[in-house]
Amino acid sequence: MEAKFRINSFEEYEEQYKLSTERPEDFWGQIASNYQWQKPWDKTLEWEFDSPDVKWFLNAKLNITENCLDRHLEKRGNKLALIWEPNDPKERFVRMTYRELHEEVCRTANVLKKHGVGKGDRVAIYMPMIPELTIAVLACARIGAVHSVVFAGFSAHALADRINDSSCKMVITADGIYRGAKEIPCKGVVDEALKSCTSVETVLVTERTRWNVQMKEGRDYWMHQELLDVDRFCPAEPMDSEDMLFILYTSGSTGKPKGVVHTCGGYMVYAGYSFANVFQYDESDVYWCTADIGWITGHSYIVYGPLLNGATTLMFEGVPTYPDAGRFWQVCDKHGVNQFYTAPTAIRALMAKGEDHVLSYGLYSLKVLGTVGEPINEEAWEWYHIHVGKEKCPIVDTWWQTETGGIMISGLGGHSPMRPSHAGYPLPGIQPVLLDQEGKEIDGNDQEGYLAMRFPWPSMLRTTYGDHERCKNTYFSHYNGYYFTGDGARRDDKGMYRIIGRVDDVINVSGHRFGTAEIENAINSNDHIVSESAVVGYPHDIKGQGIYAYVITKEPPTNPDKLRAEIVETVVEEIGKIAKPDKIQFVSGLPKTRSGKIMRRILRKIAEGDTSNLGDTSTLLDPDVVDEIKAGAL
Ligand code: WT7
């Protein structure tokens, strides 16, 4: 049997899955041969999960942008690569063909080169969702520079931490951001961040809002001016399969965010393959993923996955509720969107605004609907299926992570059985297992356990930037010989996976991932008022999880509302608006064990509003504090 790049039925999926696990190296070798390589690999895979050390397509040479752009020029030069829909529906949208995108990427790459950026240099990108963001990402890849996109909702402080962690040489940004009814500074945030960064030599500024921003002589340059006198072609840098393609920061259960590292060859192979199969993209389709490129979803399924397949990818600058809650559906109709990929939190927010908005649009073009980022509750799944998909579009509930680089468990649009709130079956090449507390595999169906992977896949993370030990400890040390996801999952009677949620101290707010320790550190940085804090997630109707903070103050709070506002302000400064606590409860103590460990289980229960069964509290240092917290719960 041969590996097929595109699967066309469930039977074929089963065959391909079998092949991919019985002969993984043959399987991935054959899939990889669908791409353009400058030099083939000597060996498909070398791996061990102890260090860990994983290498795919050893010693092969490639450039991912040749596969995203150059390769399509002959057949699809005049096909649309990118459609850009602005924040304001009255503003003109942008369409770019593969030929145009190729040229823009080459020109921007030449600007980067002119400013001394080369292979291996790190470039931070802090931008709104405009075409120049996609172009900047690809321009880095063109010359072998490592991009580190930072979501433009992060604060100056968070941006500076990320720039410093990987000592970026350049920042690419824009003057300002339009997002819904808001006008948000962008260059100003970069200026603030750069006060504490020494590695950055150059800042390139794209014009979006035409605001009068400050330009620092010898450091800051307008992109449109720099583009005036550069060549229209830029040769693609030959990259080793295992050279770094990008860094993307994500939160874990401890301390500061870590830079997840993805490499060129394996990431390319899996991003393209998973896109083709999950979304069942056909040549003339228009595909739209509503994520921001600042997250992994945007990297793999706005930029790389679609372009690797010669698809038309739509990029949206705005928000689902501007100018009204019909905006997503208006854009679907306007551009004839065939595959639509969004997050449960967006569906729930729109659901709360009523059906009228969605019923005003035809949505005839839709074929496949996708969801990602957090578990989707049945109510939201049904609403999506009935009102958006008109009960004729399969829903793919795609489970994956920043670290996995691509979709791991999901239906293949239209071919796989569907069950609400279930991601379903693993993609070919993906070997999930459920583990018990001791790290033993749990066999059979109708089982629950810790979700782990027992075999490598091409787009898995290779390391965490600058700290390989951390990669090992976070993902490969909990259970020997496995990649541990941090999620709990259930396998139903038919072997379909349902993701239950994180089992570590990571919370998922509107599909955005935060470590509780990260938020606590931000709260505690208010050290003239706060002496200690504990943060937990609690169920939230729209966001999935909300942030509940228990805070011990140095003095009893006389004006709690003012204090709350101050604490929120610090979190906004340290991390960004997306990490604002929803509830802050002032307490005089926290439930701790005699060894000083905070019993988060109890705090989570109280935050959930379920105080009937708090379990055994007798081992607590001060059991009375639980009654106080219960009485003051918000
Ligand atoms: C965590 C990863 C990669 C996509 C964006 C989030 C949760 C993701 C699902 C899903 C249930 C999901 C998991 C995972 N998650 N997709 N379809 N069903 N949970 O990426 O920020 O790296 O977060 O998001 O808990 O571990 P991320």
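## A pair inside the sheet

In which sense do strand 16 and strand 18 pair, parallel or antiparallel? In this predicted model, strand 16 (residues 286-289) and strand 18 (residues 339-342) pair in the parallel sense. Three bridges link them. One residue match shows where they meet: Tyr287 has Gln339 of strand 18 as its bridge partner.

Strands of a sheet pair through backbone hydrogen bonds, and the pairing can be parallel or antiparallel.

## The whole sheet

Both strands belong to an open sheet of seven strands. The order is 5-4-17-16-18-19-20, and the pairing is mixed. Strand 5 and strand 20 (395-398) form the edges, each pairing on one side only. From one strand to the next, the twist averages 20°.

## Strand 4 and its neighbours

Strand 4 covers residues 80-85. Five of its six residues are buried, so the rest of the structure largely encloses this strand.

Strand 4 has strand 5 (residues 94-97) as an antiparallel partner, joined by four bridges. Here Ile83 stands opposite Arg95. Strand 4 also runs parallel to strand 17 (residues 312-316), again with four bridges. Glu85 is matched there with Phe316 of strand 17.

Helix 11 (residues 327-335) lies across strands 4, 16, 17 and 18. The helix runs at about 145° to strand 4.

## Two domains

The chain divides into domain 1 (10-319 + 394-489) and domain 2 (510-632). Their C-alpha centres lie 34 Å apart. Domain 1 gives 13 residues to the contact, and domain 2 gives 12. On the domain 1 side, nine residues are polar, three are nonpolar and one is charged.

Conventions:
Residues numbered from 1 in each chain as written. Predicted model: local features only at pLDDT ≥ 70, side-chain atom pairs only at ≥ 80, totals over all residues. Domains from an automatic or database assignment. Contact = placed C-beta atoms within 7 Å. Nonpolar A, V, L, I, M, F, W, Y, C, P; charged D, E, K, R; others polar. Buried ≥ 20, exposed ≤ 12 C-beta atoms within 10 Å, placed from the backbone. Helix = DSSP H or I, 4+ residues; strand = E, 2+ residues; numbered from the N terminus. Pairing = 2+ DSSP bridges. Axes fitted to C-alpha atoms, helices over the stretch in contact; angles between N-to-C directions.
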